[in-house]
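Work through the exercises below with the model open. Each task is followed by a stepwise solution.

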Amino acid sequence: MDSMHLNPKFVLDSKDLALYREAHPLPAKFLIPAKTLSKPMLVLDFDETLLHVEYKAPPNFDFQTECDKRAMFVQVRPHLKTFLAKVKPHYEVAVFTAAQPNYADPMLDRVDTERCIQYRFYRQHCHVFREVYVKDLETLGTPLERTLIVDNHPGSFMVHRNNGIPIKSYMGDSGDTALLELWGFLDEIKSETDMIPKAVQYANGWREKLSRQKKKAEASATQSYESSTSSGPQ
Ligand SMILES: [Mg+2]
């Protein structure tokens, strides 16, 4: 799933961007009421970024809830509470999900007991472009040079790739430390007046690392295939 971040489909050129904006013009009224933000804006994706939902009980889960009378077993990404508490004094925080409120809200209420997340945006706030839910940061109305979006799906930020901070998809791994690493980066750049250069550098580094891991995995798969065929019966 994370190899999507290496897919050129999610890299739009200026022509694509113009087509997008033509299909989805900027709103007359922004999602966040106009005010001078003293803090930068941090937009967080929900599923596979903050938590993971299973519909059959996995061996370990943090709590159970339901949506449309269907049971859901929730695995919260490790260190989420610490992450939100660390981020809160320095960033305005929003969750932007392609899910519906009746799905996301009960879980958000449960994981954000300290109310660190000030804004919630849902599917109705997304735009569909090339069959992907796009989270258009310009609909928020916050200064783009101080707005970042963390998402495990590169399509979410394909219109604002320079503002996009990719994160590994969380599928329930109890040893996951991605939020601690993310905080390390956010802490480092929290006072930048223009966060874009460092965000681009971080995202490029993240993708290069992913690409190296992918190549290594492919090479070892080829190697084990070759050794299994060479040691087989003559
Ligand atoms: Mg997601």
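## Exercise 1: Valine 93

Valine 93 sits in strand 5. Helices (H or I, at least four residues) and strands (E, at least two) are DSSP runs, numbered from the N terminus. This is a predicted model: local features need pLDDT of at least 70, side-chain atom pairs count only at pLDDT 80 or more, and totals for chains, interfaces and linings use all residues. Residues are numbered from 1 along each chain as its sequence is written.

Task: classify the burial of valine 93 and list its contacts.

Solution.
- Step 1. Recall the classes: a residue is buried if 20 or more other C-beta atoms lie within 10 Å of its own, exposed if 12 or fewer, and partly exposed in between, with C-beta atoms placed from the backbone.
- Step 2. Valine 93 has 19 other C-beta atoms within 10 Å, so it is partly exposed.
- Step 3. Apply the contact rule: C-beta atoms, placed from the backbone, lie within 7 Å.
- Step 4. Not counting residues up to four places away in sequence, valine 93 touches Leu42, Leu44, Val87, Lys88, Cys116, Ile117 and Gln118.
- Step 5. Check a non-partner: aspartate 105 is twelve residues from valine 93 in sequence and 15 Å away in space, C-alpha to C-alpha.

## Exercise 2: A helix pair

Task: describe how helix 2 and helix 4 pack, with angle, handedness and contact residues.

Solution.
- Step 1. Two packed helices are described by the angle between their axes and the distance between the axes.
- Step 2. Axes are lines fitted to C-alpha atoms, for helices over the stretch in contact, and angles run from 0 to 180 degrees between N-to-C directions.
- Step 3. The axes of helix 2 (residues 80–87) and helix 4 (residues 178–189) come within 9 Å and cross at roughly 10 degrees.
- Step 4. Angles under 35 degrees count as roughly parallel, over 145 as roughly antiparallel, 65 to 115 as roughly perpendicular and the rest as oblique. Helix 2 and helix 4 are therefore roughly parallel.
- Step 5. The crossing is left-handed, that is, the near helix is turned anticlockwise from the far one by less than a right angle.
- Step 6. Helix 2 contributes Leu80, Phe83, Lys86 and Val87 to the contact, and helix 4 contributes Leu179, Trp183 and Leu186.
- Step 7. Sort these residues: six are nonpolar, none is polar and one is charged. Here Ala, Val, Leu, Ile, Met, Phe, Trp, Tyr, Cys and Pro count as nonpolar, Asp, Glu, Lys and Arg as charged, and the others, Gly among them, as polar.

## Exercise 3: The core

Task: which elements give two or more residues to the largest nonpolar core?

Solution.
- Step 1. A nonpolar core is a set of buried Ala, Val, Leu, Ile, Met, Phe, Trp, Tyr and Cys residues joined through C-beta atoms within 7 Å.
- Step 2. The largest nonpolar core has 39 residues, and Leu42, Val43, Leu148, Ile149 and Ile165 have the most contacts inside it.
- Step 3. The elements are strand 1 (41–44), helix 2, strand 5 (92–96), helix 3 (101–111), strand 9 (147–151), helix 4 and helix 5 (196–230).
- Step 4. Follow valine 43: leaving aside neighbours within four places in sequence, its contacts are Ala94, Phe96, Lys135, Leu137, Thr147, Leu148 and Ile149.

## Exercise 4: Lysine 135

Task: is lysine 135 buried or exposed?

Solution.
- Step 1. Locate lysine 135 in the loop between strand 8 and strand 9.
- Step 2. Lysine 135 has 26 other C-beta atoms within 10 Å, so it is buried.
- Step 3. Beyond four places in sequence, lysine 135 is in contact with Val43, Phe96, Cys126, Ile149, Ser156 and Phe157.

## Exercise 5: Positive phi

Task: where do histidine 79 and arginine 130 lie, and what is phi for each?

Solution.
- Step 1. Most residues other than glycine have a negative phi.
- Step 2. Histidine 79 has a positive phi, near 75 degrees, and lies in the loop between strand 4 (70–76) and helix 2.
- Step 3. Arginine 130 has a positive phi, near 50 degrees, and lies in the loop between strand 7 (127–129) and strand 8 (132–134).
- Step 4. Histidine 79 is partly exposed, with 17 other C-beta atoms within 10 Å. Arginine 130 is partly exposed, with 13.

Notes:
Two residues are in contact if their C-beta atoms, placed from the backbone, lie within 7 Å.
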